[in-house]
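The following exercises concern strand pairing, ring contacts and burial in one protein chain. Each task is followed by a solution in steps.

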Amino acid sequence: MDDAILGMKSYDFIFLFNKTSGSPRVQYFMVDPWTKTRIFPKCNSIVFNKLTHLVGFRPVVLDGCLYIIGGKDWESGQYRANTWRYDPASGRWSGRASLLEARCRHTADVLNGCIYVTGGEINGGGVTDLCESYDPVLNTWTAINCLPRPRADHAACVNDGSLYVSGGISNLKHQCSNVFWVYDAVANEWDEPIQGVILPHEREKHNMVSVGKYIYVVSGRGFDQETWSEKDESAICSFNTRSKGDTRRETCWDVFHPNIFNPRANAGAIMLGPHLYLIGGKSFQKDCDVRTVECYNVKKHTKRQNENWRENA
């Protein structure tokens, strides 16, 4: 599952994309800025035929339009390089320039008016370190410097003009990792935000959410050092992007947030006001979909679970 906020007239919508089933049906919530909860409890759905049989793609919103990038055909196994743009004003799809490298299980984020794609699984089942950026004005993809190492099922977000990447796997047989990198678009360089400072927990299929000067890392698959096996990760941690002068790990990372109620991977995560919403996902340990929506107040460090959404999320 993945999420994207799309504006339409005076309303906003949270679209929930199922990237694992190849279904063209997309669920969505309506955002109400005048209510305390911000999200209408009723979940609706819409059909986007462009998503039929497509898995492992990435949705992203740029200039009020929805972009669907890359993916893999569920039936043929073919990796896709397509870029599709949906304009909510006209209700029409249009094909844009294709990726330089077809891929799935990658990241896509907006930085300085362009879309940046990192890593992913590529043809032959390998994991790539290749990255590229999309200019919507020129309708062109351009290769940028590669990730320090290949990554798939990693997470990314933008904070204060920089692109951050964390976790993921280096090949399809390896467990999750604790890498933490930052990309400088001006210098076209990748580096560690602070030398030697890594994620407090190994993660894959997780979320990174930018909140002011902090980056929150939530959900995903972690690694249990005692049983030497992967687990659904419940811990929340946050990174202070302005702690560059202090290299102590406990200063950079806050690991004393309350755990989420229902550990899950491949969830949707979105900020609305002071609340971080975690929507849906899958529990690999229980081998089932997670249908709950959890809400975390990042200012008060309190969380709650809305049972009314259990059947709809």
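**Exercise 1. Describe how β17 pairs with β18, and place the pair in its sheet.**

Solution. Step 1: β17 and β18 are joined by five bridges in the antiparallel sense. Strands are DSSP runs of E with at least two residues, and helices are runs of H or I with at least four, both numbered from the N terminus; two strands pair if DSSP finds at least two bridges between them. The model is predicted, so local features need pLDDT of at least 70 and side-chain atom pairs count only at pLDDT 80 or more, whereas totals for chains, interfaces and linings use all residues. Residues are numbered from 1 along each chain as its sequence is written, and side-chain values use heavy atoms, with hydrogens and water left out.

Step 2: A155 has S166 in β18 as its bridge partner.

Step 3: The open sheet runs β17-β18-β19-β20, with antiparallel pairing. Because β17 (155–159) and β20 (189–191) are the edge strands with a single partner each, one side of each has no neighbour in the sheet. Neighbouring strands here are turned by 25° against each other on average, direction ignored; axes are lines fitted to C-alpha atoms, for helices over the stretch in contact, and angles run from 0 to 180 degrees between N-to-C directions.

**Exercise 2. Determine the strand order of the sheet that contains β12 and β15, and identify its edges.**

Solution. Step 1: The order is β11-β12-β15-β16, an open sheet of four strands with antiparallel pairing. Step 2: β11 (107–111) and β16 (140–144) each have a single partner strand, so each is left with one side lacking a neighbour in the sheet. Step 3: Within this sheet, β12 (residues 114–118) and β15 (residues 131–135) run antiparallel and are joined by four bridges. I115 stands opposite Y134 in β15.

**Exercise 3. Trace the aromatic pairs that involve F180.**

Solution. Step 1: Rings of Phe, Tyr and Trp (its six-membered ring) pair if their centres lie within 6.5 Å; planes under 30 degrees apart count as stacked, over 60 as edge-to-face and the rest as tilted. By this rule there are 19 aromatic pairs.

Step 2: Y164 and F180 are stacked, at 5.9 Å centre to centre and 25° between the planes. Y164 lies in strand β18 (residues 162–166) and F180 in strand β19 (residues 180–184), 16 residues apart.

Step 3: F180 and F239 form an edge-to-face pair, with 4.9 Å between centres and 75° between planes. Since F180 belongs to β19 and F239 to β25 (residues 237–240), this pair ties together parts 59 residues apart in sequence.

Step 4: Y164 and F180 are buried, and F239 is buried as well. Buried means under 20% relative accessible area, exposed over 50% and partly exposed in between (1.4 Å probe, protein chains only).

**Exercise 4. Where does P88 lie, and is P88 buried or exposed?**

Solution. Step 1: P88 is in the loop between β9 (83–87) and β10 (92–96). Step 2: Its relative accessibility is 11%, so P88 counts as buried. Step 3: The C-alpha atoms of P88 and L66 are separated by 8.0 Å, with their positions 22 residues apart along the chain.

**Exercise 5. Summarise the chain as a whole.**

Solution. Step 1: The chain has one helix and 32 strands. Step 2: Of its 313 residues, 51% are buried.
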